[in-house]
Amino acid sequence: SEHQAAKVPISSQKLEIASGVTLLSCALDTASQTTLLGEIRKISSKAPLYTPTMPRTGKPWTVRMTNCGPLGWVSDRSGYRYQPDHPETGDPWPAIPQMLLDLWDEATGYPAPPECCLVNFYADKARMGLHRDEDEQALDAPVLSISLGDTATFRLGGLERKGKTQSFKLHSGDVLLIGGDNRLAYHGIDRVFPNTSTLLKDGGRINLTLRR
Ligand code: MD3
Ligand code: FE
């Protein structure tokens, strides 16, 4: 809405890449990206990035994670779930920064705030296999994803694992809004391209996923 525009300027360039999936390219300007990165540093100083493990096998993920908000999404040998505390420190997750709550309001218009902000950190070799986000109770609520740092290839499939997929680049400052028909679509991150952004001093990519 209009009164939020000064706090978190988001671009008017919207591209609907699939039904209900809208790419807001270059949504965040450099100043907002830098401010947001500062907020993420504060979060990771209280709730350190950790290496999740896969259900059953216990194999480590290549992506490191932390969360903020009332609930955090975690993965370990027992499965995937939302929980109110950090799996290693046992502390409650830090609060979601106000600028992310504002961005959620402006981009989604959804009448309730996000309950979880998952922070994914991708070093050069990290990737995320094709999967669906299906651990949420409210499937009518949108998902908002924000990319920072190095460029990545994002793969979007359909509602069935075997279907066709499309690839897109996600750049620093891009925002992806997911809802409607494709809320349960398969998606993943194939690779991250080193040295494509100067936002993160030591390189890599951060993705924030806001969900209910
Ligand atoms: C399309 N993260 O954490 S977010 C995840 O960049 C995850 O770290 C990716 O997938 C990342 O679960 C991509 C973009 C995204 C999120 C949810 C979706 C795209 C989606 C749900 C349906 C379709
Ligand atoms: Fe996902």
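Strand S13 is a good place to start in this predicted model, since S13 contributes four residues to the shell around ligand 1, the most of any element. Follow the shell further and you will meet the other elements that supply two or more residues: strands S6 (116-122), S7 (128-131), S8 (143-149), S9 (152-156) and S12 (187-192), alongside S13 (205-211) itself.

Now look at the space these strands help to line. Ligand 1 occupies the largest pocket. The shell around ligand 1 is a mixture by class, with nine nonpolar, seven polar and four charged residues. Of the 20 residues around the ligand, those that come nearest are Asn120, Tyr122, His131, His187 and Arg205.

Three of these names are worth a closer look for their side chains. His187 places an N or O atom 2.9 Å from an oxygen atom of ligand 1. For Arg205, a polar side-chain atom is found 3.0 Å from a ligand oxygen, and for His131 the corresponding distance is 3.1 Å. As for cover, ligand 1 on its own has 510 Å² of accessible area, and the protein covers 98% of it.

Two of those residues then lead us to the metal. The iron ion (ligand 2) has His131 (NE2), Asp133 (OD) and His187 (NE2) as its protein donors, at 2.1 to 2.2 Å. Read along the sequence, these donors follow the spacing H-x1-D-x53-H. Asp133 sits in the loop between S7 and S8, while His187 belongs to strand S12, so this pair, 54 residues apart, links distant parts of the chain.

His131 and His187 thus appear in both settings: each is among the residues nearest to ligand 1, and each is a donor of the iron ion.

Technical notes. Residues are numbered from 1 along each chain as its sequence is written. Chains are lettered from A and ligands numbered from 1 in the order in which they are written. This is a predicted model: local features need pLDDT of at least 70, side-chain atom pairs count only at pLDDT 80 or more; totals for chains, interfaces and linings use all residues. Side-chain values use heavy atoms; hydrogens and water are left out. A residue is near a molecule or strand if one of its heavy atoms lies within 4 Å of it. A polar contact is a pair of N or O atoms within 3.5 Å; within protein, one must be able to donate a hydrogen and the other to accept it, and residues adjacent in sequence count only if both atoms are side-chain atoms. Accessible areas come from the Shrake-Rupley method with a 1.4 Å probe; for residues, only the protein chains shown count as cover. On a 1 Å grid over the protein atoms alone, a cavity is a set of points where a 1.4 Å probe fits but cannot get out, and a pocket is an open set with protein on both sides within 12 Å along at least five of seven lines; lining residues have an atom within 4 Å of a point. A molecule sits in a cavity or pocket if more than half of its atoms lie within 2 Å of its grid points. Ala, Val, Leu, Ile, Met, Phe, Trp, Tyr, Cys and Pro count as nonpolar, Asp, Glu, Lys and Arg as charged, and the others, Gly among them, as polar. Donors are N, O and S atoms within 2.8 Å of the metal (3.2 Å for Na, K and Ca); water is not among the atoms, so sites may look incomplete.
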